[in-house]
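Open the model in your viewer and keep the selection tool at hand. We will go stop by stop.

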Amino acid sequence: MIDPHAMAQEFCELVRVDSPSLRESEVNALIHDRLAEMGIEARADDAAATVGGNASNLIARVPGVSGAPTVLLNAHTDTVEPGCGICPQIEDTVIRSSGTTVLGADDKAGCAIILATLRHLLDKGLPHPPLEVIFTVAEEIGLCGAQALDYGALEASMGYVLDGGRTMGVITHAAPSAYKFEWSVRGIAAHAGVCPERGLNSIKVAAEAIAELPLGRLDFETTANIGVIRGGEATNIVPELTVVRGEARSHSDEKLEAQRELMVRAFEEAAARHETTAEASVTSTYRSFDVARDEQVLDYAWRACERLGFDPQMERGGGGSDANVFNEHGIPSIILATGPAEVHTVNEWVDAQRMAESARWLTETLVLIAEEAQ
Ligand SMILES: [Zn+2]
């Protein structure tokens, strides 16, 4: 059995160590030590140089039964702001932050679940497939750690990402593709009271473009947003430059492309009407994935969940995670529920009972994979 109280303790130890994105070195050292205590040697790759942080991804290999596919287990070690000085409050098995920071269960619940699962497998001598355990950095700022991995050096043919939601048994099997946009809308500066006719108001040009855009939930699988607008210097100057930033996401790549074109064109046309430019920079943030019910990685988790007497459920996610990157690199991966609620807010909380159930689920999944390989 995986004890919820031991789970809570390990989780609290992890969240007490600050690890905002790009400053994960201390918590990675802690995880490294926990793995070493189990006899598992972990090494850091060289992601720090690429992502610009103080830590790299932590990678551990655990040999398993022969004939079984190598399985990737993943959680990310960075947390969102405000995430420094987290002081977890435990009431029975429910853990909350003190109310001034996030709790960091996204994704230290996942880290704790992986550690508990490995400890349980090794302590009990349970059969399991060969494992590639990867603790990624800088997930929250654009899946940077996962993108910096050397995929040529990985053997995993399927992956479980422990970075899910609250309800036991929920499998996030699909996630959208996303684009980020930044436009630099050019105007002409002039004194707003003395000679405004010599100027061109870049805020007005940007506003015309934005007013034409369909935004929000565009259909059941597509969303778009303008999230940042910065322009102008003072009320008495016609603004020369306005920078606009936005995003679009869709589970359908076709719809995403259409929305991308529409957004870029709206700015081009508004700029053209005023004989100026709106330079667009468009970056693909991550690619969508959709793992089918009958694919191995999902089927194992599904049946393991049923073996434990829980109800497995498939859900489509609305955001990006390291699972997008693993899928893009040919490792079919799904996201398992880990227990946290209200993540990315100061009201974030998690029940250690849930985390323990999730660790049992992961354990059962791995045992099932090993049993069927023998
Ligand atoms: Zn996360």
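Over how many bridges do strand β9 and β15 pair? Select residues 177-186 for β9, then add β15: the two pair in the antiparallel sense over eight bridges. This is a predicted model. For one contact in this pairing, pick S184; its bridge partner in β15 is E279.

Now widen the selection to the sheet. It is open and has five strands, in the order β11-β12-β14-β9-β15, with antiparallel pairing. Go to the edges: β11 (216-219) and β15 (278-286) each have a single partner strand, so one side of each has no neighbour in the sheet. From one strand to the next, the twist averages 20°.

Next, select 202-212. This is helix α6, which packs on the sheet. It touches β9, β12 (222-231), β14 (241-250) and β15. The direction of α6 makes about 20° with that of β14.

Move to helix α8, residues 296-307, and pick R307. Buried or exposed? R307 is partly exposed, because 13 other C-beta atoms lie within 10 Å, and the partly exposed class falls between 12 or fewer for exposed and 20 or more for buried. Then add E364, 57 residues apart from R307 along the chain. The C-alpha atoms of the two are separated by 8.0 Å.

Last stop: helix α1, residues 4-15. Its 12 residues should span 16 Å at 1.5 Å a residue, and the end C-alpha atoms are 16 Å apart, which agrees. Colour its buried residues: P4, M7, A8, E10, F11, L14 and V15. They pack against α2 (25-37), β4 (89-91), β5 (94-96), α4 (105-124) and α10 (352-373).

Terms used. Residues numbered from 1 in each chain as written. Predicted model: local features only at pLDDT ≥ 70, side-chain atom pairs only at ≥ 80, totals over all residues. Pairing = 2+ DSSP bridges. Helix = DSSP H or I, 4+ residues; strand = E, 2+ residues; numbered from the N terminus. Axes fitted to C-alpha atoms, helices over the stretch in contact; angles between N-to-C directions. Contact = placed C-beta atoms within 7 Å. Expected span 1.5 Å × (residues − 1).
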